[in-house]
Amino acid sequence: MTQTPLVDLRDICLSFGGVRAVDHVSIDLHAGEVVGLLGHNGAGKSTLIKILSGAYQKDSGEIRINGELADINSPRDARRYNIETIYQTLALADNLDAASNLFLGRELTTALGFVNDAQMEAETRKIMARLNPNFKKLKEPVSALSGGQRQSVAIARAVYFNAKILIMDEPTAALGVHETQMVADLIKELKAQGLGIFLISHDTREMLDLCDRVSVMKNGALVGTERVEDVTEDDILSMIIMGKNPKKAA
């Protein structure tokens with residue numbers, strides 16, 4: 001790809017005490033692309049992504065958004081750059097319905113300053129029609145929704161507020177086959193709409209299905225980044241376990 005990356009993480013480092021959690025890692029992401037991040041627990045992938053999302057502050061390196069140097073020191077800073085993160089926990093309020101969750105903390109109000117429930121429901125119907133037309137449970141508390149439906153609400157919230165860069169942390173963990181396919185379809189739809197997505201997962205087959213490229217980390221360092229059509233599942237497992245890129249050795 002020759003166009004300017006949507007996200008360009010350059011030579012990122014972060015240490016906790018004497019442990020180098022992220023060790024000179026460089027990864028980029030383009031619009032309309034899904035890049036998968038793989039590695040064992042403690043490999044550094046979640047830490048790297050938390051630097052981009054503003055949860056952690058890097059020790060050194062650069063973050064560039066659309067080619068411009070970005071100053072990201074908090075989640076609020078990240079949102080200013082149209083970066084939204086969907087953590088595995090989803091951060092939904094179980095007792096509230098989809099519309100109330102979508103606008104939680106950013107409620108729409110009437111001219112008199114009252115919460116505009118009707119407008120929020122109408123906006124939720126519109127975004128859901130675009131993302132997941134089968135979603136009908138708008139008035140039920142999200143505690144009554146399936147895992148895939150809850151993911152739909154979390155994704156809709158990010159997209160409604162103009163996310164251009166989406167970070168998804170284990171979005172299909174603990175979901176059944178049907179629910180996993182629902183989330184996979186959502187990811188493909190977002191990609192088609194031009195979003196750039198960082199996808200964290202332990203499922204190598206899912207990565208090969210959903211991603212354009214995969215980046216593998218081990219012990220805080222980047223083992224390698226490869227296009228999915230250039231690697232096999234065994235290649236990826238070798239990178240995760242051995243910390244060596246078979247494509248570079250070839």
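In this predicted model, strand β1 (residues 7-16) and strand β4 (residues 60-65) run antiparallel and are joined by 5 bridges. One residue of interest here is Cys-13, whose bridge partner in β4 is Ser-60. On its other pairing, β4 is joined by 2 bridges to strand β5 (residues 68-69), again in an antiparallel arrangement. Here Arg-64 has Leu-69 of β5 as its bridge partner. The two strands β4 and β5 form a hairpin with 2 residues between them, and Asn-66 in the turn adopts a positive phi of about 55°.

Attention now turns to the cysteines. Cys-13 has a relative accessibility of 3%, so it counts as buried, the cut-off being under 20%. Cys-211, at 5% relative accessibility, therefore counts as buried too. A disulfide is a covalent bond between the sulfur atoms of two cysteines; the structure holds 0 disulfides.

Helix α6 offers a pleasant check on geometry. The helix covers residues 177-192, and because each residue should contribute 1.5 Å, its 16 residues are expected to span 22 Å. The end C-alpha atoms of α6 lie 23 Å apart, which agrees with that expectation. Buried residues in α6 are Glu-179, Met-182, Val-183, Ala-184, Leu-186, Ile-187 and Leu-190. The buried residues of this helix pack against both strands and helices: the strands are β3 (34-38), β7 (165-169) and β8 (196-200), while the helices are α4 (117-131), α5 (147-160) and α7 (204-210). Just after α6 comes Gly-194, with a positive phi of about 95°.

Definitions and conventions
Residues numbered from 1 in each chain as written. Predicted model: local features only at pLDDT ≥ 70, side-chain atom pairs only at ≥ 80, totals over all residues. Heavy atoms only, no water. Helix = DSSP H or I, 4+ residues; strand = E, 2+ residues; numbered from the N terminus. Expected span 1.5 Å × (residues − 1). Buried < 20%, exposed > 50% of the residue type's maximum accessible area, 1.4 Å probe, protein only. Contact = heavy atoms within 4.5 Å. Pairing = 2+ DSSP bridges. Disulfide = S-S within 2.5 Å.
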